[in-house]
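I set out here what I looked up in this structure, entry by entry. The notes are meant for a reader who has not met the structure before.

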Amino acid sequence: MSSLWPNGNEQKEIENIIIHGAKTEANLEQIIQLETGDWKGSDKREWMLTGDRYYRNKTDILDRKRMVVGASGALEPVANLANNKLSNPFIRKLVDQKIGYLLGKPMSIQTDKKEYDAALTAIFNQDMLRRIQSTGKESINKGLAWWIVYYDTDGELSFKKMNSEEIIPLWADEAHTVLDAVIREYEVEVYEGLKRKRVTKIEWWDKNGVRRYTTGGTGLIPDVEAGDTGSHFAVVNGETETAMNWERVPFICWKYNEEEQPLVEIIKNLVDDYDRNKSDNSNNLEDLPNSTYVVNDFDGTNASEFRKNVSIYRVVFTSGNGEVKTVNLEINTEAYKNHQENNRKDIYEFGRGVDTQSADFGSAPSGIALRFLYSDLDLDASLIEREYQASLEQLRWFIDTHLYNTTKQDYSGEKVEFIFNRDMPIDETAIITGIKDSVGILSDETLVAQHPYVTNLQDELDRKKKQSNQDGGPYGGLGGEPVVGSKDEPEG
């Protein structure tokens, strides 16, 4: 099933570049400039940057100035009033909660062929699982995440997570499942003499290899320093080096949802409103001792001065009998509390998370009540898992092709299951009872994978097999009494 071939004629690449096979008078460089220009000003890229910013708790409230009505009637900034900026990291909590729930535990991989299982286990090591967790965070914050497939300096098949805002995909279909090409635009820091400056680099990736450019005053310039053209990788045989390409564009897309919409786009307005009201309430509490003074029998202010005095100095001058009194600022605490509570509930409902400060969570629910509390989070996790299963199939294509070209073993027809082991507070007794009741109905491998004490499925199956051979007992043993004196009991 070889899916690599030597790098072909570069001119043919230009002729075949036209997206969706349409004819156009634009050449490759013009297409790149049009695509990158549209991408820089797109809402999609802006939401990616916003998602990353909000995850780092750099919300819009941090840029707010305290404004008051000035003498002219227009708003103007002031410095003598409180200007608290309370940023609440709801986005970070929700993102981390989803990642911890869906990807917090190692993924289980099941396949019947032992050699294939060993090869997949070697690839899906701890570094790979950590990369998948990081990818989950990127995709939720930005709507989607990207990997590039490459070979490292040791000739090992490798994968690298890219910055999503640097990747411009050119899809072959409306469902965004097949890539025609990928444009990557990024900046690097270089030295010119003793000065540092940032240079924009652009790469065009398709099935025929990669073209590299830098930007200049007249447009795109071939990046001769990095190599203006190249293949996906090279195969070295003795002193001979052959340029090779995959049959697919070597990028893998990981979507948060089918719409490729980041979490921040869904709940940003709610988070901003929560920040704003909390900051305003804090300002009012800080300004509370500074009551408004009413001074009678002291005339001479006009309307503009009156507005400014109230806004900034909290003093009102009036005429009549001499008198000075104060007017205290009243805060509707109950209205503020109700509004913020409802706002918080909306953030967690529409963000599909679990509010650990809710009254329901504090009552230590279990069983059905616990599942109901986690239902929104579980729904979102199911949608993420569906998209990730599609990405894992794309990833598997590169792995299978690599294994065939290095071992001549074709595993493309083998069945593989990628099992996401969700991490939710559980009623362990009920789960173990359910596993025992399922003996004879489900396979031992499936039952072991669901056991709450199992951290590594394959290791546990190996221990069970070893125990069975030593004690002569049944392989599963999940429905009967534990083996007395076993040295390989599951860890609690």
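**Entry 1: Glu187 and its strand**

I began with Glu187 and listed its contacts, leaving aside neighbours within four places in sequence: Glu187 touches Arg198, Val199 and Thr200. I note at once that the model is a predicted one.

I then looked up where Glu187 sits, and found it in strand 8, which covers residues 179–192. Is Glu187 buried, exposed or partly exposed? Its relative accessibility is 46%, and because buried means under 20% and exposed over 50%, I entered Glu187 as partly exposed.

I took two of the contact partners further. The side chain of Glu187 makes a polar contact with the side chain of Arg198, at 2.9 Å. From Glu187 to Val199 the separation is 12 residues in sequence, and 5.5 Å in space from C-alpha to C-alpha.

**Entry 2: the strands beside strand 8**

I asked next how strand 8 is joined to strand 9, residues 195–206. The two run antiparallel and are joined by 11 bridges. They form a hairpin with 2 residues between them. In that turn I recorded Gly193, whose phi is positive, about 70 degrees.

I followed Arg184 across the pairing: Arg184 stands opposite Glu203 in strand 9. Arg184 of strand 8 is also the bridge partner of Ile167. That led me to strand 7, which pairs with strand 8 in the antiparallel sense over 5 bridges.

Strand 7 covers residues 167–171, and I found it mostly covered, with 5 of its 5 residues buried. Which residues point which way from strand 7? Ile167, Pro169 and Trp171 point one way, while Ile168 and Leu170 point the other way, and all are buried.

**Entry 3: an open sheet and the helix on it**

I turned to an open sheet of 3 strands, in the order 6-5-15 with antiparallel pairing. Why is one side of strand 6 (157–162) and of strand 15 (251–255) left without a neighbour in the sheet? Both stand at the edges and each has a single partner strand, so no strand lies on the other side within the sheet. I recorded an average twist of 25 degrees from one strand to the next.

Strand 5, residues 144–151, pairs with strand 15 in the antiparallel sense over 5 bridges. Within this pairing I noted Trp146, which stands opposite Cys253 in strand 15. Helix 12 packs on the sheet and touches strand 5, strand 6 and strand 15. The direction of helix 12 makes about 160 degrees with that of strand 15.

**Entry 4: the nonpolar cores**

I looked up which residues touch the most other members of the largest nonpolar core. Of its 58 residues, they are Phe124, Phe159, Leu395 and Ile399. The largest share of this core, 10 residues, comes from helix 12, residues 375–407. I also noted another core that lies apart from this one; it has 26 residues, among them Leu179, Trp205, Tyr213 and Leu220. As background I add that nonpolar side chains tend to be buried together in soluble globular proteins.

I then listed the contacts of Ile399, again leaving aside neighbours within four places in sequence: they are Leu120, Ile123, Phe124, Leu157 and Phe159.

**Entry 5: His451**

I found His451 in the loop between helix 14 (444–450) and helix 15 (457–471). Its relative accessibility is 16%, and because the cut-off for buried is under 20%, His451 counts as buried. Beyond its neighbours within four places in sequence, His451 is in contact with Ile432 and Ile435. Gly434 is 17 residues from His451 in sequence, and their C-alpha atoms are 9.8 Å apart.

**Entry 6: the whole chain**

I closed with the totals. The secondary structure of the chain comes to 15 helices and 19 strands. Of its 492 residues, 41% count as buried. The chain exposes about 27500 Å², of which carbon and sulfur atoms supply 48%. Among contacts between residues at least 6 apart in sequence, I noted that 64% join residues at least 24 apart.

How values were computed
Residues are numbered from 1 along each chain as its sequence is written. This is a predicted model: local features need pLDDT of at least 70, side-chain atom pairs count only at pLDDT 80 or more; totals for chains, interfaces and linings use all residues. Side-chain values use heavy atoms; hydrogens and water are left out. Helices (H or I, at least four residues) and strands (E, at least two) are DSSP runs, numbered from the N terminus. Buried means under 20% relative accessible area, exposed over 50%, partly exposed in between (1.4 Å probe, protein chains only). Contact means heavy atoms within 4.5 Å. A polar contact is a pair of N or O atoms within 3.5 Å; within protein, one must be able to donate a hydrogen and the other to accept it, and residues adjacent in sequence count only if both atoms are side-chain atoms. A nonpolar core is a set of buried Ala, Val, Leu, Ile, Met, Phe, Trp, Tyr and Cys residues joined through side-chain atoms within 4.5 Å. Two strands pair if DSSP finds at least two bridges between them. Axes are lines fitted to C-alpha atoms, for helices over the stretch in contact, and angles run from 0 to 180 degrees between N-to-C directions. Accessible areas come from the Shrake-Rupley method with a 1.4 Å probe; for residues, only the protein chains shown count as cover.
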